[in-house]
Amino acid sequence: APAFAVATDAGKLNLADFKGKVVYLDFWASWCGPCKEEMPYLRSFYAKAQGKVELIGVDVEEATFDDGRTFVERNGITWPNLYDPDGRSRKYFGLGVPVTWFIAADGSVAGKKIGVIKSEAELISLTEKYLGVRV
């Protein structure tokens, strides 16, 4: 079943919580065409990367919770997703979707990709480049 939860406060998505793990944060919205385009690559990547990289989606700039939940269900998203109803993640992660953040095991930002991921190969390459993880 898809995981989709409401982030009730900013503390729900704190980089310090991810120390010791390498994390791929994907910011998306249901109305975002490029976000839909990259989902097949994310699904395939997630199947291969489980146990190596934590993949977490963050639904931002959304009209309603149900819009995001429906998007998760229709796109076969099985990794955890947080819903940011009031844009509070914006002050930490900026505005605009899609954007991908690569978080190192020490909790620091290792890199980011602004815009759509165009292939699974690109995702695998960026993961190795920024996180040092081979998928």
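Where is Glu 54 found? Glu 54 is found in strand E3, and we'll come back to it in one of the close-ups below. Keep in mind that every view here is drawn from a predicted model.

**View 1. The whole chain has four helices and six strands.**
Start here to get your bearings. Reading from the N terminus, the elements come in the order β-β-α-β-α-β-α-β-β-α. The chain has 135 residues, and 45% of them count as buried. Now take the contacts between residues at least 6 apart in sequence: 74% of these join residues at least 24 apart.

**View 2. Cys 32 and Cys 35 form a disulfide.**
A disulfide is a covalent bond between the sulfur atoms of two cysteines. Searching the whole structure turns up one disulfide. The sulfur atoms of Cys 32 and Cys 35 lie 2.3 Å apart, and both residues are buried. Which hand does this disulfide have, right or left? The torsion about its S-S bond is about 80°, so the disulfide of Cys 32 and Cys 35 is right-handed.

**View 3. Helix H1 bends at Met 39.**
Helix H1 covers residues 33-49, which makes 17 residues. At 1.5 Å a residue, H1 should span 24 Å, and its end C-alpha atoms are indeed 24 Å apart, so the two values agree. Look partway along for the bend: it comes to about 35° at Met 39, with a proline, Pro 40, following within four residues. Just past the end of H1, find Gly 51, where phi is positive at about 90°.

**View 4. Helix H1 has buried residues that pack against other elements.**
Here's a handy bit of background: an α-helix has 3.6 residues a turn, so residues three or four places apart point the same way. With that in mind, pick out the buried residues of H1: Cys 35, Glu 38, Met 39, Leu 42, Phe 45, Tyr 46 and Ala 49. What do they pack against? Their partners are strands E2 (23-28), E3 (54-59) and E4, along with helices H2 (65-74) and H4 (120-131).

**View 5. The largest nonpolar core has 34 residues.**
Inside this core, Tyr 24, Leu 25 and Phe 27 have the most contacts. The elements giving two or more residues to the core are E2, H1, E3, H2, E5 and H4. Which of them gives the most? That's H1, with six residues.

**View 6. Strand E5 pairs with E2 and with E6.**
E5 takes in residues 99-103, and five of its five residues are buried. Val 99, Trp 101 and Ile 103 point one way from the strand, while Thr 100 and Phe 102 point the other way. E2 and E5 pair in the antiparallel sense over five bridges, and Leu 25 has Trp 101 as its bridge partner in E5. The pairing of E5 with strand E6 (residues 109-114) is antiparallel over five bridges, with Gly 111 in E6 as the bridge partner of Phe 102. This second pairing is a hairpin with five residues between the strands, and Gly 107 in it takes a positive phi near 90°.

**View 7. Glu 54 sits in strand E3.**
Back to the residue we opened with! Glu 54 has a relative accessible area of 37%, so it counts as partly exposed. Leaving out neighbours within four places in sequence, its contacts are Lys 21, Val 22, Val 23 and Tyr 24. Also find Trp 79: Glu 54 and Trp 79 are 25 residues apart in sequence but 8.5 Å apart in space, C-alpha to C-alpha.

**View 8. Glu 61 has a positive phi.**
Most residues other than glycine have a negative phi. Glu 61 has a phi near 55°, and its place is in the loop between E3 and H2. With a relative accessibility of 27%, Glu 61 is partly exposed.

**View 9. Asp 84 lies in a loop.**
The loop in question runs between strand E4 (80-83) and helix H3 (90-93). Is Asp 84 buried or exposed? Its relative accessible area is 6%, so Asp 84 is buried. Setting aside residues up to four places away in sequence, Asp 84 touches Val 58, Asp 59, Val 60, Ser 89 and Arg 90.

Methods:
Residues numbered from 1 in each chain as written. Predicted model: local features only at pLDDT ≥ 70, side-chain atom pairs only at ≥ 80, totals over all residues. Heavy atoms only, no water. Buried < 20%, exposed > 50% of the residue type's maximum accessible area, 1.4 Å probe, protein only. Contact = heavy atoms within 4.5 Å. Disulfide = S-S within 2.5 Å. Expected span 1.5 Å × (residues − 1). Bend = angle between axes of the 7 residues up to and from the residue. Pairing = 2+ DSSP bridges. Core = buried A, V, L, I, M, F, W, Y, C linked by side-chain atoms within 4.5 Å.
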